[in-house]
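Colleague: Could you take me through this model? I should like to begin with the ligands.

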Amino acid sequence: MNIKPAVESKFDKQVLILGPCSAESPEQLENVIVQCEDLQPDLFRAGIWKPRTRPGYFQGIGTQALEWLTDLSQKYGCKFCTEVANAEHVEFCLKSGIETLWIGARTTVNPFYVQEIAESLRGTKVKIMVKNPLNPDLFLWLGAIERLHHVGIEHISAIHRGFSFYGNSIYRNVPRWQIPIELKRRIPELQVIADISHISGKPEHLREIAQISYDLNFDGLMAEVHPNPGKALSDAEQQVTPEFFKNEILRKLIQRSVFTDNSQFNIKIDQYRQEIDGIDQEIIELLGNRMLLAEKIGEEKKQENISIYQPDRWNQIVEVLSKKAISSGLSEEFIFSLIEAIHIESIQHQSRKMNLENTQESTT
Ligand code: PEP
Ligand code: MN
């Protein structure tokens, strides 16, 4: 696609974007800048228009805060980025000279809004970062990037902020790392930044998520920092002070390299990988056998005219396997998505057995 990164790294390393969830006052923003002095983020962030999931929450200061961003950028020689959700927001930002924008997760889900934003950016030099949509839909994310690319925007990056889900998770938004990995596989030059705050939802998970992002060779981090997180007007539970971010997260992260020529290491890894490949083959074979049994059940159910979906049986499977998963060191989320996938496949096998032959009978 020939896309250039939206964020340049000052030190030719992973990029760093820091700042509060929302701009609240000029003093708050100035405190953030001063307290981040030794962290030297490549970009500061601050939301001005806040799309809240439910009404009644702080919706951002609005255009007035744009002046704060531009005044402070001049005073400290730093750069701010902010979120835009429609063409009007873009217009205000262009007038204020904000060069880098981001599209939030609640906007990426809507191709009309993304297209409207893209049209309003046609012919500009704006750099834009696209957060993943709320739902785990790779193509909405990819589509938003394509829409921006088609209007001639050169500098586009992706921000991975995790995905909404219904159920229990230790994270606010489940990471589903395979989706940004697939995005990067399709657009190898794309800069992908991990928004560790919106994935984690709590300070105690920030470091672990940041380390995974480093280990998966993502290109940088976005994190929400606030001089007084407890008093933040939005996302108070997940924000940390710049000091905490420096000492408890950034300093403790381990940077690793992608390759090594240490042959002993490479031999050992190859052996483990062979074992893993063997296990994968077995898993597929076992799943195949499981589907054959599901088909046999399908044949019986057809004779008896019994429905495919049996809620009690499904609940029992979920319960037994969740327990087994925990004792085997697997997460409940993982096991739930796995058995759900297996269940869907089983239903398809049974349904084919029960209905396809009906169709054949009725056509003969
Ligand atoms: C934010 O960055 O503060 C925000 C609202 O994020 P998201 O769009 O990822 O929910
Ligand atoms: Mn936020």
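Modeller: Certainly. Please bear in mind that this is a predicted model. The largest cavity is the space taken by ligand 1.

Colleague: Which residues are around ligand 1?

Modeller: Cys21, Arg45, Lys50, Glu83, Trp102, Gly104, Ala105, Arg106, Lys131, Arg161, His198 and Glu224 surround ligand 1.

Colleague: How many of the residues in that shell are nonpolar, polar or charged?

Modeller: Seven residues of the shell around ligand 1 are charged, three are nonpolar and two are polar.

Colleague: And what lies 2.7 Å from an oxygen atom of ligand 1?

Modeller: That is a polar side-chain atom of Lys50. In addition, a side-chain N or O atom of Lys131 is 2.8 Å from an oxygen atom of ligand 1. For Glu224, a side-chain N or O atom is 3.2 Å from an oxygen atom of the ligand. On its own, ligand 1 has 300 Å² of accessible area, and the protein covers 99% of that.

Colleague: Turning to the metal, which residues coordinate the manganese ion?

Modeller: The manganese ion (ligand 2) is coordinated by Cys21 through SG, His198 through NE2, Glu224 through OE and Asp235 through OD, at 2.1 to 2.4 Å. Along the chain, these donors have the spacing C-x176-H-x25-E-x10-D.

Colleague: Where in the chain are Cys21 and Glu224?

Modeller: Cys21 is in the loop between strand S1 (15-19) and helix H1 (26-35), while Glu224 belongs to strand S8 (residues 220-224). The two are 203 residues apart, and the pair links distant parts of the chain.

Methods
Residues numbered from 1 in each chain as written. Chains lettered and ligands numbered in written order. Predicted model: local features only at pLDDT ≥ 70, side-chain atom pairs only at ≥ 80, totals over all residues. Heavy atoms only, no water. Near = heavy atom within 4 Å. Polar contact = N/O pair within 3.5 Å; in protein donor to acceptor, adjacent residues only side chain to side chain. Areas by Shrake-Rupley, 256 points an atom, 1.4 Å probe, with all protein chains shown as cover. 1 Å grid on protein atoms, 1.4 Å probe; cavity = no way out; pocket = protein on both sides within 12 Å on 5 of 7 lines; lining within 4 Å. Sits in = over half its atoms within 2 Å of the grid points. Nonpolar A, V, L, I, M, F, W, Y, C, P; charged D, E, K, R; others polar. Donors = N, O, S within 2.8 Å, 3.2 Å for Na, K, Ca; no water. Helix = DSSP H or I, 4+ residues; strand = E, 2+ residues; numbered from the N terminus.
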